[in-house]
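Me: Please take a close look at one part of this structure and explain how it is placed among its neighbours. A formal account in connected prose, with every cut-off stated, would suit me best.

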Amino acid sequence: MAYANSNALPRAEISQAVFEAQSNSAALPFIGLSAYPILNVAARSGEYLKIDVGNGEVFNSDGLKTEAGSNRARVTRRFTSDTYACSSFELEELLPDETAMDLGRYFDVEVASANFLNTQLLIGHEQRVADVVFGTGFSAISATAAYTAGATGNIDLAFDVDAAQVELAKKNVQADTVIMSLQVFNRVRRSTKLLTNIFGLVKADVRPATAQEVAEALGVSQILIGRAAKNGAKKGQTYSGSFIWNNSKIAVAKLGAGEFNSGGVGRTLLWSEDSPTAVVAETYRDEARRSNVIRCRHNTSEKTIDASCLVQFDTSYA
């Protein structure tokens, strides 16, 4: 049964305004929902079947030459299972009547509040996806050279991505995306070997490569650049920005969308019974404080469904 609270009023018009702002704003720096797209699930937690390329004998060469009347080669497919559990992430903001009336002369206070809350929820989601993608549980290779400031002539991103593609190809996977932090991207887009791959013999005044040019040089559809930042300071202290995606790794991956059997490395599972949209906006009254409360929430699990679709390599960034 869907969540219901007689004191909390779902505000579809605010949710829609937040969604439109999120969809139309090119300035939003988040890549978490691109790396692990939303998949609606009907239950908060559950179990699903999966097949591993090893135990499942998916790519075994088991077909044999068969004589008439002889036994035929057979395979016994082995399925395994995995589980997921969605968690609710919520954030509220108190809007005193005096503040709402005063600021309401200039903008829609409730929509503005919901947009701020949504951004904060997305920062949390971005961090969870970054922790998964750059975390453990994936195959890893070694880079040819450290991605250090003084070694831009030695960095060979194309060679390293090719090496990752070879590892993926051993599992019949073709990557379509390379994921890296903003600072790593800014370094590799100026690296001599990559610029030579793109522009030919590099001159001293050659410009840095764009993300699309880098993607084309690497033979992938896109480069996802982790630009999102968060406040690293404690509450009440001066803002101190820090990036969510760290500089230690680059991931080469095949992404996917839709049902699990569509493939790809992972999904953001959204419990649709509780969160029918990517962000749910609600309001309720706190009369003791003469205030309305805006609440934004979603119920998700950032789940890797096929670890064979991603290979990492360390950058030794410094």
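Reply: Contact here means heavy atoms within 4.5 Å. By that criterion, and leaving aside residues up to four places away in sequence, K249 touches F134, G135, Q312, F313, D314 and T315. The model is predicted, so local features require pLDDT of at least 70 and side-chain atom pairs count only at pLDDT 80 or more, whereas totals for chains, interfaces and linings use all residues. Residues are numbered from 1 along each chain as its sequence is written, and side-chain values use heavy atoms, with hydrogens and water left out.

K249 belongs to strand β11; helices (H or I, at least four residues) and strands (E, at least two) are DSSP runs numbered from the N terminus. K249 is buried and yet has no salt bridge, the nearest side chain of opposite charge being D314, 4.7 Å away. Buried means under 20% relative accessible area, exposed over 50%, and partly exposed in between (1.4 Å probe, protein chains only). A salt bridge requires a side-chain nitrogen of Lys or Arg within 4 Å of a carboxyl oxygen of Asp or Glu; Lys and Arg count as positive, Asp and Glu as negative, and His and the chain ends are not counted. A polar atom of the K249 side chain does lie 3.2 Å from the backbone oxygen of F134.

The surrounding sheet is open, with 5 strands in the order β6-β15-β11-β7-β8 and mixed pairing; two strands pair if DSSP finds at least two bridges between them. Because β6 (139–141) and β8 (222–226) each have a single partner strand, they stand at the edges, and one side of each has no neighbour in the sheet. From one strand to the next, the twist averages 25 degrees. At one edge, 3 bridges join β6 to β15 (residues 310–314) in the parallel sense, with S139 opposite V311. Helix α5 (residues 157–169) lies across β6, β7 (177–181), β11 (249–253) and β15, at about 145 degrees to β15. Helix α8 (residues 211–218) lies across β7 and β8, at about 130 degrees to β8. Axes are lines fitted to C-alpha atoms, for helices over the stretch in contact, and angles run from 0 to 180 degrees between N-to-C directions.

Strand β14 (residues 291–304) gives a second view of burial and charge, as 12 of its 14 residues are buried. Strand β5 (residues 87–96) runs antiparallel to β14, joined by 10 bridges, and F89 faces H298 there. Strand β13 (residues 280–286) is likewise antiparallel to β14, over 7 bridges. In the hairpin of β13 and β14, with 4 residues between the strands, R290 has a positive phi near 50 degrees.

Among the 13 salt bridges of the structure is that of R295 with E90 (3.9 Å, N to O). This pair links β14 to β5, 205 residues apart. R295 is buried at 9% relative accessibility, while E90, at 45%, is partly exposed. R297 pairs with D274 in another salt bridge, its closest N and O atoms 3.1 Å apart. Since R297 lies in β14 and D274 in the loop between β12 and β13, this pair ties together parts 23 residues apart in sequence. R297 is buried at 5%, and D274 counts as buried at 11%. Through shared partners, salt bridges join E90, E92, D274, E282, R295 and R297 into one network.

Note on methods
A polar contact is a pair of N or O atoms within 3.5 Å; within protein, one must be able to donate a hydrogen and the other to accept it, and residues adjacent in sequence count only if both atoms are side-chain atoms.
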